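User: I am new to this structure and would like a close look at a single part, the barrel and the core packed with it. Could you walk me through that, and then show me what lies around it?

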Amino acid sequence: MDLPINPFKRALTEGRQQIGLWCSLPDPYSAEIAAGSGFDWLLFDTEHSPSDPVRTLGQLQAVAPYPVVSVVRPASNDAVLIKRFLDIGAQTLLVPYVQNADEAAAAVRAMRYAPDGIRGVSGLTRATRFGRISGYARKAAAELCLLVQVETREALDEIEHIAAVDGVDGIFVGPADLAASLGYPGEPGHVEVVAAVEAAITRICKAGKPAGILTTDPAFAARCITLGTTFTAVGVDVGVLARGTEKLAAQFSGKARSA
């Protein structure tokens, strides 16, 4: 059995735009619904959702038959969490709150087996197809993709150093936490935050790394793509559900009261 290729990593390498959806609902059923919607990638979030590796495993299995790539965000830059997500078959990870080159290098080591890293070895994981992929330990790194998240003032100052770390495949700008770090919590659309995000995208691209973003503002998403983002998340499943149901209820609530 061959090692599965990672089309997301190849697309980033080739500079092809990948449009994604953030999935905060920790459920395989909702993940499968989203999987058939036409996105290039789905982000399964375990940092800001009540999820864990077991629930994420169900999501990975649910979307596997669909032409969409799964990206997993661990709760932190933790080697044990990273190992567990890799072992259940995640090939692309978005590691949050990476502040500098040393922390980026730590994430790289967690992604790789010795002698290049510290990932623990098990030959009977879902990632190895339960021992059916010959030479998995030697081949795995070629198809694994590490995205790191810069989301503070300090991290912005270190973009070029983070980008220079071998094994970092892309850098994602986190607008919400960045807004808080810059003194504008809850205001990712503040003019100073927007300016910082745009400058960061430009610097990431200039440093030769793919840049990513999450924004639910279609106009700003288009602006970020123009600036150079190649993995662009344009919505959150929770937001789509909440705003969509609110809109539907508002359309009929007045009619129901007058009936």
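Analyst: Here is a walk through the barrel, the nonpolar cores, one helix pair and one loop residue.

Please keep in mind that this is a predicted model. Let us start with the barrel. Eight strands close into it, with parallel pairing, in the order S1-S2-S3-S4-S5-S6-S7-S8. From one strand to the next, the twist averages 25°. In general, strands of a sheet pair through backbone hydrogen bonds, either parallel or antiparallel.

For a concrete piece of the barrel, look at strand S4, residues 92-95, and strand S5, residues 145-150. These two strands pair in the parallel sense over four bridges. You can pick out one of the residue pairs by eye: Leu93 has Leu146 in S5 as its bridge partner.

Now to the cores. As a rule, nonpolar side chains in soluble globular proteins tend to be buried together. In this model, the largest nonpolar core has 58 residues, and Leu42 and Val173 touch the most other members. Helix H10, residues 191-206, gives the most to this core, with seven residues. Val173 is a good place to zoom in. Leaving aside neighbours within four places in sequence, Val173 is in contact with Val150, Leu178, Val197, Ala200, Ile201, Ile204, Gly212, Ile213 and Leu214. Apart from the largest core lies another one of 15 residues, among them Trp41, Leu43, Leu147 and Leu214.

Next, a pair of helices. The axes of helix H2 (residues 28-35) and helix H3 (residues 53-63) come within 8 Å and cross at roughly 35°, and the crossing is right-handed. On the H2 side, Pro28, Ala31, Glu32 and Ala35 take part, and they meet Gly58, Gln59, Ala62 and Val63 in H3. The residues of this contact divide into five nonpolar, two polar and one charged.

Finally, a loop residue that is easy to overlook. Tyr113 sits in the loop between helix H5 (101-111) and helix H6 (136-143). Tyr113 counts as buried because its relative accessibility is 10%, where buried means under 20%. Not counting residues up to four places away in sequence, Tyr113 touches Arg119, Gly120, Val121, Tyr136, Ala137 and Ala140. To place Tyr113 against Ser134, note that they are 21 residues apart in sequence and 16 Å apart in space, C-alpha to C-alpha.

Note on methods. Residues are numbered from 1 along each chain as its sequence is written. This is a predicted model: local features need pLDDT of at least 70, side-chain atom pairs count only at pLDDT 80 or more; totals for chains, interfaces and linings use all residues. Side-chain values use heavy atoms; hydrogens and water are left out. Axes are lines fitted to C-alpha atoms, for helices over the stretch in contact, and angles run from 0 to 180 degrees between N-to-C directions. A crossing is left-handed if the near helix is turned anticlockwise from the far one by less than a right angle, and right-handed if clockwise. Contact means heavy atoms within 4.5 Å. Ala, Val, Leu, Ile, Met, Phe, Trp, Tyr, Cys and Pro count as nonpolar, Asp, Glu, Lys and Arg as charged, and the others, Gly among them, as polar. A nonpolar core is a set of buried Ala, Val, Leu, Ile, Met, Phe, Trp, Tyr and Cys residues joined through side-chain atoms within 4.5 Å. Buried means under 20% relative accessible area, exposed over 50%, partly exposed in between (1.4 Å probe, protein chains only). Two strands pair if DSSP finds at least two bridges between them.
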